[in-house]
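Hi everyone, thanks for coming. I'd like to walk you through a structure that is probably new to most of you, so please have a look at it on the screen first.

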Amino acid sequence: MPAAAPTSRTRKPTACLALADGTIFYGAGFGATGDTTAELCFNTAMTGYQEIMTDPSYAGQVVTFTFPHIGNVGVNPEDDEAADPVASGMVVKWDPTEPSNWRAAERLTDWLGKRGRIGIGGVDTRRLTRAIRQQGSPHVALAHDPEGNFDIEALVAKARAFPGLVGLDLAKDVTCRQSYRWDEMRWAWPDGFTKQQNPIHKVVAIDYGAKRNILRSLASSGCDVTVLPATATAEEVKALGPDGIFLSNGPGDPAATGEYAVPMIREILDSTDLPVFGICLGHQMLALALGAKTVKMNHGHHGANHPVKDKTTGKVEITSMNHGFTVDSQSLPDGVTETHVSLFDGSNCGIAMKDRPVFSVQYHPEASPGPMDSYYLFERFAEAMAARK
């Protein structure tokens, strides 16, 4: 009887995850070789690993996937949320399997290797996730060497030298370099992605790290979308004559990005009556512009199964989240109300001005990946623009 093929548990480790506190995890490397440093977070989504890896909000982070079946549907160009993976690396329990899906165009391992991203399999992700929950998101060094040679002291030193995300403006690294138009709508059977032929509302979207499916959701809601870089000025925004302003998701410390984003948003709010809708980092930018504060979370919210309560209706939505900072609800000024809260920890998940169509949410209502409970927010934005007309 032939011998069983070696697994990540029996063969020599070819990857190593070193935490700043000196904890070491060994496993089987895949994707690119070399090493990288980042903050480590965990994601509880059961689908959408490709969308997660290409979400610009994950810049500066290595993602631990709590769901073990990673790689089983392969990858394909339609599921990219950005041109390339943005997360620094991935940690999984089982080695990625061969893809078994009619949409698969490439193996996950090959896709990561071509795009310079490191993966490690065979890790006890349950233990790792517990450590993150109890001690907070650690700084790590992730290395992949096919020969299995690792300088552990050097890797731990690199992890300890990682500056962290506090005070780090990453939006400037993932934003577009110049403005562009977007008219592609959400995927629908049997035609796939189609173009918005009859837009009703002209929207300027500020790109702090915008996911493609968020822009598709705007287009599907009847919007003619022009995307501007994160550093766009209020004059540049107003020169386009928009019916509404959208503030996108993105990575990093909102206080750092707010150095240039907040003055622009304040000027828009002070000089126009335009509807404004923000998501994720855009939510935090709006909150800062209105006078609130943001704080770093212990381990953040990352997953597609987060319950959020709409305080205005009492409805509970299951949402997709990805953030390591949150708006301090105790710092919200007069005239701004808290509209949504997390049912996991009570943290803020939404705000709105009391007398104007200006609102935002912390989670990702475009559902890529995740449930579609919150898509109504795009329709609410469109309704606000229609009412203004």
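I'll go through the barrel, then the helices beside it, then a few single residues and the salt bridges.

One thing before we start: this is a predicted model. Please keep that in mind throughout.

Let's begin with the barrel. In what order do its strands close? There are 7 strands, and they go round as 1-2-6-5-4-3-7, with mixed pairing. On average, neighbouring strands in this sheet are turned by 35° against each other, direction ignored.

Now find strand 4, residues 61–65. Is strand 4 enclosed or open? Well, 5 of its 5 residues are buried, so the rest of the structure largely encloses this strand. You can check that one face at a time: Gln61, Val63 and Phe65 sit on one side, Val62 and Thr64 on the other, and all are buried.

Strand 4 also has partners to show you. Strand 3 runs parallel to strand 4, and 5 bridges join the two. Here Cys41 stands opposite Val63 of strand 4. Strand 5 is parallel to strand 4 as well, with 3 bridges between them, and in strand 5 the bridge partner of Val63 is Met90.

What about strand 3 and strand 7? Strand 3 covers residues 34–43, strand 7 covers 139–144, and they pair in the antiparallel sense over 6 bridges. As an example, Ala38 has Val140 in strand 7 as its bridge partner.

Next, the helices. Helix 4, residues 152–161, packs on the sheet and touches strand 1, strand 2, strand 3 and strand 7. The direction of helix 4 makes about 50° with that of strand 1. Then there is helix 3, residues 125–135, which lies across strands 1, 2, 3, 4 and 5 and runs at about 75° to strand 3.

If you'd like a single residue to follow here, take Ile24 in strand 2. Setting aside neighbours within four places in sequence, Ile24 is in contact with Cys16, Leu17, Ala18, Ile152 and Val156. Ile24 and Ala141 are 117 residues apart in sequence, but their C-alpha atoms are 9.8 Å apart in space.

Let's move along the chain to helix 6, residues 212–220. How many of its residues are buried? The count is 7 of 9, so to speak a mostly covered helix. The buried residues are Asn213, Ile214, Leu215, Arg216, Ser217, Leu218 and Ala219. They pack against strands 8, 9, 10, 11 and 12, and also against helix 10. Just after helix 6 comes Gly222, with a positive phi of about 90°.

Another covered spot is His306 in strand 13, residues 294–310. With a relative accessibility of 6%, His306 counts as buried. Beyond residues up to four places away in sequence, His306 touches Thr44, His301, Glu317, Ile318, Thr319, Met321 and Phe344.

Now out to the surface. Which residues make the nonpolar patch of about 480 Å²? Trp102, Trp187 and Trp189. Trp102 sits in the loop between strand 5 and helix 2, and is exposed, with a relative accessible area of 66%. That loop also holds Asp95, which is partly exposed at 26%.

Last topic: salt bridges. Side chains of opposite charge can pair when their charged atoms come close. The structure holds 16 salt bridges, and I've picked a few. Lys158 and Asp35 meet at 3.1 Å, N to O. This pair links distant parts of the chain, with Lys158 in helix 4 and Asp35 in strand 3, 123 residues apart. Lys158 is partly exposed at 35% relative accessibility, and Asp35 is partly exposed at 40%.

Arg107 and Asp110 form another one, with their closest N and O atoms 3.0 Å apart. For Asp273 and Arg388, that distance is 2.9 Å. Asp273 is in the loop between helix 8 and strand 12, while Arg388 is in helix 10, so this pair ties together parts that lie 115 residues apart in sequence. Finally, Glu78, Asp79 and Arg103 are joined into one network by salt bridges that share partners.

That's my tour. Thanks for listening, and I'm happy to go back to any part of it.

Notes:
Residues numbered from 1 in each chain as written. Predicted model: local features only at pLDDT ≥ 70, side-chain atom pairs only at ≥ 80, totals over all residues. Heavy atoms only, no water. Helix = DSSP H or I, 4+ residues; strand = E, 2+ residues; numbered from the N terminus. Buried < 20%, exposed > 50% of the residue type's maximum accessible area, 1.4 Å probe, protein only. Contact = heavy atoms within 4.5 Å. Patch = residues over 30% accessible without salt bridge, like charges linked within 9 Å, V, L, I, M, F, W, Y side chains within 5 Å. Areas by Shrake-Rupley, 256 points an atom, 1.4 Å probe, with all protein chains shown as cover. Salt bridge = Lys/Arg side-chain N within 4 Å of Asp/Glu carboxyl O. Pairing = 2+ DSSP bridges. Axes fitted to C-alpha atoms, helices over the stretch in contact; angles between N-to-C directions.
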